[in-house]
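Biologist: I am new to this structure. Please show me how to read it, one feature at a time.

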Amino acid sequence: MIKRLHIRNYAIIEHLDIDFAKGLTIITGETGAGKSILLGALGLIMGDRADTKSLYNQEEKCVIEGIFDLNGQDLSEFFAENDLDNETEVVVRRELTPSGKSRAFVNDSPVTLKVLQDLSAELIDLHQQFDTLDIHNLSFQLRMIDALAGNKERLLQYRNVYKEFSTNQRRLDELLRRNEQSTKEMDFIQFQLEEFNKAELVAGELEILEEEHTRLTHAEDIKRTLGLAFDALTENEQSIVGQMQSLGNALISIGKYAPKLAEYSDRFANMIFELREMSNEFEKVAEHTEYDPERIQEVQQRLDLIYRLLKKHTVVAVEDLLAIQANLEQQLAGFADLGNEIGALREKISAQQEQLYRWADELGDRRQAVIPDYEQKVVDMLTQLAMPYAQLKIETKKLEALSPTGLDEVQFMFAANRGSRLQQIKDVASGGELSRLALVTKSLVASSIPLPTLVFDEIDTGISGDVALKMGNILRQLSNEHQVVTITHSPQVASKADRHYFVFKVDKPDRTVTNVRLLSNEDRIRAIAVMLSQSPPSDSALENAKELLGL
């Protein structure tokens, strides 16, 4: 429940503090005195949008602060999800600066407007006349039926699975889209891999092939030149080795005359040995070197394939091509993993869908079970509120697909007068009729909906007399289980208050401001008497006010 509302620098309110208590709080005052401004301020801490036009003084910031007592209400999950301190007393504050910047706080922690809206949905039900009322809203109509059916825990269980089901559906759609887009890409990758697989590339082979190709294409030159070198070194009559052998023998013969010459002789002998060995190598290579046009063609084709792949993939080495091949294989494996994920996700979605349909049918059965009794109770209470011919029919329709609330669409069909055709509430109910219908429907489900505070703004519009008195009795009864705050112009409704605030204007030298005061019993008599007649009230009005108050 709300304990206190602090307002500073908002609309025509300079500074205001209102303390609330359990039971029924009534707020009255002349038209234009600022009663609805109070609800506007309350709306700000409930997450409504605001602008700088709301500032009383354009040079100072506007501050709205509400203090709520959560005793008996468990919002620990909400506070944990939003990383907020979980206290039994919650302070909600909204600030609006002259520059237009808006800030919101819960227990002094900054929060978004969405958090304020979610929190206020757990704390306050605000019914404002002439707005798009909750009772028009099909989702709120369904919520009332679910409250009567005791579907809270079942619906929570359903929604948790539905949330995961919807997330999986979106994931599946994304995977299918990616899979469809990747089909062409996968075909291209497979084509490239086939090309690599056929190539059977080996690291380092490019250099070996280029060397072999050069040797094969110059085989005749190599054979001829090496043959000539072999012949010149060792085979002809004037061979180089033969001549050097003769010269070496001469060097040996003179070695005895000079010790230094012996060293030269050894070195010369080594040279002769090296030349002879080289000649033998030349002979072997020349013998094994043959011009092979078929092998040249094979090597050239292999080189052409490698050169083409290098150019196609803009790399310079076979090792780079092998890295690309490995990457393509990894990508193709990724596509296979995508297919596995799609298959697993489809199985999970199917199982969740089967479970959700079963739970949705159970929710629907429980809703159908409470509707007839609820319809009758609404009609009976409307009869007490001078609507003897009112009819309410709650139509249910099965949805084609699962929704966050199951498979049911609920719509309240209403007729206020005898012979009238049942239509949607927004199309048939007048302001006064809608006020009575809203009060009746909400009062019947209030004990089933965990809202500690109900706020009604001029819900008694369009009614008076005995009907207003009965409406006051309903509000009074409702306040036994909930904190109820009502803005009213009806003296009959006002007479039922546990606490009565009066909103009035004060004229200052520079401007007019709104103020509020808590009425004593004597003040209440006069205020209700004025509502019954005029200001100042007549003696009969004062007596009538006392009678309404039971004094």
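Modeller: Start with burial. Buried means under 20% relative accessible area, exposed means over 50%, and partly exposed lies in between, with a 1.4 Å probe and protein chains only. Helices (H or I, at least four residues) and strands (E, at least two) are DSSP runs, numbered from the N terminus. This is a predicted model, where local features need pLDDT of at least 70, side-chain atom pairs count only at pLDDT 80 or more, and totals for chains, interfaces and linings use all residues. Residues are numbered from 1 along each chain as its sequence is written, and side-chain values use heavy atoms, with hydrogens and water left out.

Biologist: How many of the residues of helix α1 are buried?

Modeller: Of the 11 residues in α1 (residues 35-45), 8 are buried, so the rest of the structure largely encloses this helix. Among them are K35, L38, L39 and A41. The buried set also includes L42, G43, L44 and I45. After α1 comes G47, with a positive phi near 100°.

Biologist: What about the whole chain? How many helices and strands are there?

Modeller: The protein chain has 17 helices and 15 strands. Buried residues are 42% of its 551 residues.

Biologist: How do I read the overall shape?

Modeller: Use the radius of gyration, taken over C-alpha atoms; the globule rule is 2.2 Å times the number of residues to the power 0.38. A compact globule of 551 residues would come near 24 Å, but this chain has 48 Å. Along the principal axes, the C-alpha atoms fill a box of roughly 165 × 60 × 35 Å.

Biologist: And the nonpolar cores?

Modeller: In soluble globular proteins, nonpolar side chains tend to be buried together. A nonpolar core is a set of buried Ala, Val, Leu, Ile, Met, Phe, Trp, Tyr and Cys residues joined through side-chain atoms within 4.5 Å. The largest one here holds 52 residues, and F412 and F414 touch the most other members. A second, separate core has 45 residues, including L16, A33, V90 and V111.

Biologist: Take one residue, L402. Is L402 buried or exposed?

Modeller: L402 is buried, because its relative accessible area is 12%. L402 lies in strand β9 (residues 391-403). Contact means heavy atoms within 4.5 Å. Leaving aside residues up to four places away in sequence, L402 touches Y158, Y162, F165, Q353, L356, Y357, A360 and L407. P509 is 107 residues from L402 in sequence and 63 Å away in space, C-alpha to C-alpha.

Biologist: Which contacts in the chain join residues 24 or more positions apart?

Modeller: Such pairs account for 70% of the contacts with a separation of 6 or more.

Biologist: How should I read backbone angles?

Modeller: Most residues other than glycine have a negative phi, and most peptide bonds are trans. T314 is not a glycine, yet has a positive phi of about 50°. T314 sits in the loop between α10 (293-312) and α11 (318-384). At 68% relative accessibility, T314 counts as exposed. A386, also not a glycine, has a positive phi near 65°. A386 is in the loop between α11 and β9, and is partly exposed at 46% relative accessible area.

Biologist: Where is a cis peptide bond?

Modeller: A cis bond joins S535 and P536, with omega about 0°. P536 lies in the loop between α16 (521-532) and α17 (539-549).
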